[in-house]
Structures are given as C-alpha cells and as structure tokens.
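I'm opening my notebook on this one. I'll jot down what I looked up, one entry at a time.

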Amino acid sequence: MRPLLLWRYEVRRAGWAAVLAPPLVAAIVVLLAVVDAADGADQRGTVIRNLFAALEMGLPLVAGIGAASLVGRDPAAELQLTVPTPYRATLLRRLAVVVGWTALVALLIAAVLLVIDGWADRPQAHGAVVGQLVWLAPTLWLAAVGFLAGAVFRGPAAAGGLVAVLWMIEQILTEAVQQHQWSRLLYLFATSQGTVPADWTGNRLTLVATAIVLGIAAWLLLGGTERLVRGEAG
Amino acid sequence: MIPTARYELRMMLRKRSMWISMAIIVGLLSLTAFRQISDAVRDNDARGVMTTVALLVNIFLPVGYGSLLADRLVRDQLLGVAPILDATGGSALARLFGKYLGVCAAAAVPLATVYFGFAVVYTVVSGRPAGLAWALAAFAVVLLPAVLFVGAFALAVPLIMPASLFRVLFVGYWFWGNAITPATMPTLANSLVSPIGGYPLSALLGYRDTVSAGPTPGASLNFLRPQPTPATAWLSIAVLFALAALALYAAHAIRARTTR
C-alpha cells in the first residue's frame, strides 16, 4: 500500500503544468493542422503529418524539459535526504510520472493514427507496432538528457536550456546531422525529417540504449547527496 | 535600477551552469557542423559569413537563454525575498526594469563571447578584418533586439504559468514562429514580429542566402510581411521593442496585484 501511496503523492505533486503540457502541445500541433487545412491544404495528409510531428518532436520536448525540471524543485531538499527513501529513488519516481504521462498521451495519438489509417500512410514509421519507437526513442533520450543535465546543474534553468537547444539543433541542422554515421544514429527526428532508410532501426535502438546509459549516469550522480543540498550549480 | 541590474548581471555571470551548458552547445555545434564551419572561416565574403552565422546563432541560442532566464523573476517570490525587496526604497517598476536589463546583459555576454569569438577566428583565418565590423553591426541590429524581446517574455510569462511549461511553449513558439517556411503552414516566420531578425538582416545588412523576410507567394499572414526595406527593418525592431515593453508592463501589473 505504501508504494502506491507514494506514487499517488508524486502524481499529485507533479502539478497542473506537468499534466497539461503533453496534451496541450499535441492539441496545438493538431490545431496548426486544422488552420493549415482551412487554408486550403490537404486536410487528412496535414493532420497525419502533424500527429507524427507531435509524436516524434512535440512530446519528447515536453518529456525532456519535464525531466530537466525535477532536480532543484524541492524547497527543503535537506528534509527529503533525512527520510528512509533515498532521494534519488523519489526523483526517479517523479521521472517515471513525467515520462509515463507523456507515453500515455503518445499512445492515445498512436491510437488515433491507427483509426484514421495514418500508419499505412507513412511507411517510414514502420507500422503501428515497431512504429511506437517513433516517439519512445526520442522521448526516452531527451528525458534522460534532461534528467542528467538536471543532476549535473542541480537546477532546471540551465538543464532546460540545454534540452531546448539540443532539440533546436536537431531540428535545424538536419543536413549536417545526416553527414556522419554517429550523428545519424543519434538523430531524434529520423521518421519526420528523414534519414538513410537502413539506419532507422539502428537509430531508434541507439537512442534507447544511450538513454539508458545517460539515465544510469544521472542515477549515480544523484547518489552524491551532499551535492544536492548545495543548491543550484554556480 | 542600476544597482539591481548590476547585481542581477553579476549573479548570472557567476552561474557556472550557464557557461558549462554554453560550452556543451558550442562543442556539439562544432562537432556536427565542422565542415560547414571550416568552409565558412575560409570564405572571402565577410558580410555573407557574419550574417549567416548571426542568423544561425539567433535560431539556436535564444531557446537556451530564454529557458535560462525563465526563473529570474519568479525566483524572488520562491526564495521569499520579494516582500523584502518591495519594502526597500526603490520603486518596483525601476527594480523590475533593472532586473530586466541585468538578465538581458547576462544573456548577451555568453552570446557575444560565442559570436565575436567566431568573428575573431574568421578574421585571423581569412585575413579580413571587415568580419569584425559586420559582426558588430549584426550584433547590434539582430542579436541584441532578440535578447531584449526574449528577456522580457522570459521574465513576464512565468508569472502566469510554471517556468517548465513556459520553456516547452517558448521552444515550440520559437521553432514555429521563426524557422518554419511560411508556405508550409501559417506561421509568424519572415514577418515583422519575427524576433529572429530577418528584416534587419535582409534590409540593413544585405543578407541574401535564403529568404528570411518579406511576402511568400501563397502564404497566409502576408499582411505582416511587407517588402524588406531599411524603413520596415527599423519598424520590425521597433515592434519587437514595443512587444517587450508590453510584456514588462504586464509583468509589473501582475506583480503589483499579487503582492498587494
């Protein structure tokens, strides 16, 4: 019962912004499609394109900045460090809430795409089953980067900024990223913006694998409790 | 006002996290676009290189410093020092403006370090000191107005929503409102209210690489995209300053209501 209670507390503690952000971002992207369609664009094609954009671009950004905002939010971290539950376990639970809620919204969008036959429309997304890696891989990767950056900087400001710029670099420098094998494997938007077709599965698995490594690094770093009570880096 | 600005600037410049994250970003950009950077520093067209780099810097870095500045005003309330500061002699508006100038100056310092650092490398490698002059001009009319625009909204908007939600929405807005081609979907890109600086780049600095300002055939919102001329370029800068002033005034009004 106690673990369940802790999870309930963490979900409530996440606040309205964390609950609102994933559906809000998805809604804005869909709204853009509606406005675009009203402007004369192909309605179905635009909606499918934007739903995939919400899956692969919008939701990972939400998860990344959400994960970057976890460390440094407790007004009395010293108190957290005195309780039997390790503070880093609490932070990991909060990370699971952020990523889990984002994943639920992503699954809902994926279901909508299934209903409107959107997966068949985008062969580069590899179908509705393997295609879940469209959102899962970049979401886990950006969340892991955000979590690690939060652990390194001990605060959300610089960590959120780093996630934001990384997201923007991958959006804009598409051609430069395609030039090297290593950057193709770490490219977040391989489905929406394109990549070497044979690289897609490798790219998704590399993102998941590196996300696990980054997550472990953050976990180890958060074990140093003395760092955390010193407050934000700087 | 001036002491608040100085204090805010010093606080921010001492944030190691700001400098470390900037170093990571510059390292990643250099690693990803090494060939393009190598080609650029050997290019003889000083104006073309420095305007292109100004545009790139203004695409990537505002989302970083916008996120970094998002907690600066709400931080006073979270730390419980806002009522103490309100009890001091200076007016709340002057203190807000001082904080605004301080955080904008703090955002401009690492930005200037990166941009002028590249300008110096370019000048040394290409032997064209004109690069430094173009860099100064681009910094003044492209990068600085963006800092002042972003700084105002980064201070004001987190008063009405959590900073993390502001960061997500701000990054989305920046991409949508600056980097999307207007023919693709309705966007504020290439318009007078686009803080990326397309109008000053085109009309004041002669940037010609790609269309960054002006009407796009078939695109919606073209009424916000007059032909780029020196007059519309200055108008674009003035519009950005006016919007920034509006955001700051809104921040002052919200703070006055919440601290009453």
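I began with contacts inside chain B, counting two residues as in contact if their C-beta atoms, placed from the backbone, lie within 7 Å. Of those between residues at least 6 apart in sequence, 80% join residues at least 24 apart.

Note to self: this is a predicted model, where local features need pLDDT of at least 70, side-chain atom pairs count only at pLDDT 80 or more, and totals for chains, interfaces and linings use all residues. Residues are numbered from 1 along each chain as its sequence is written, while chains are lettered from A and ligands numbered from 1 in the order in which they are written.

Next I looked up the helices and strands, which are DSSP runs (helices H or I, at least four residues; strands E, at least two) numbered from the N terminus. Chain B has eleven helices and zero strands.

Then I checked its dimensions. The radius of gyration of chain B, taken over C-alpha atoms, is 19 Å. The globule rule (2.2 Å times the number of residues to the power 0.38) gives 18 Å for 260 residues, which is close, so chain B is as compact as a globular protein of that length. Its C-alpha atoms fill a box of roughly 55 × 40 × 30 Å along the principal axes.

Last, I turned to where the chains touch. Chain A gives 37 residues to the contact and chain B gives 37 residues. On the side of chain A that touches chain B, the elements giving two or more residues are H2 (15–38), H3 (43–68), H8 (156–172) and H9 (174–178) of chain A. H8(A) supplies the largest share, 13 residues.
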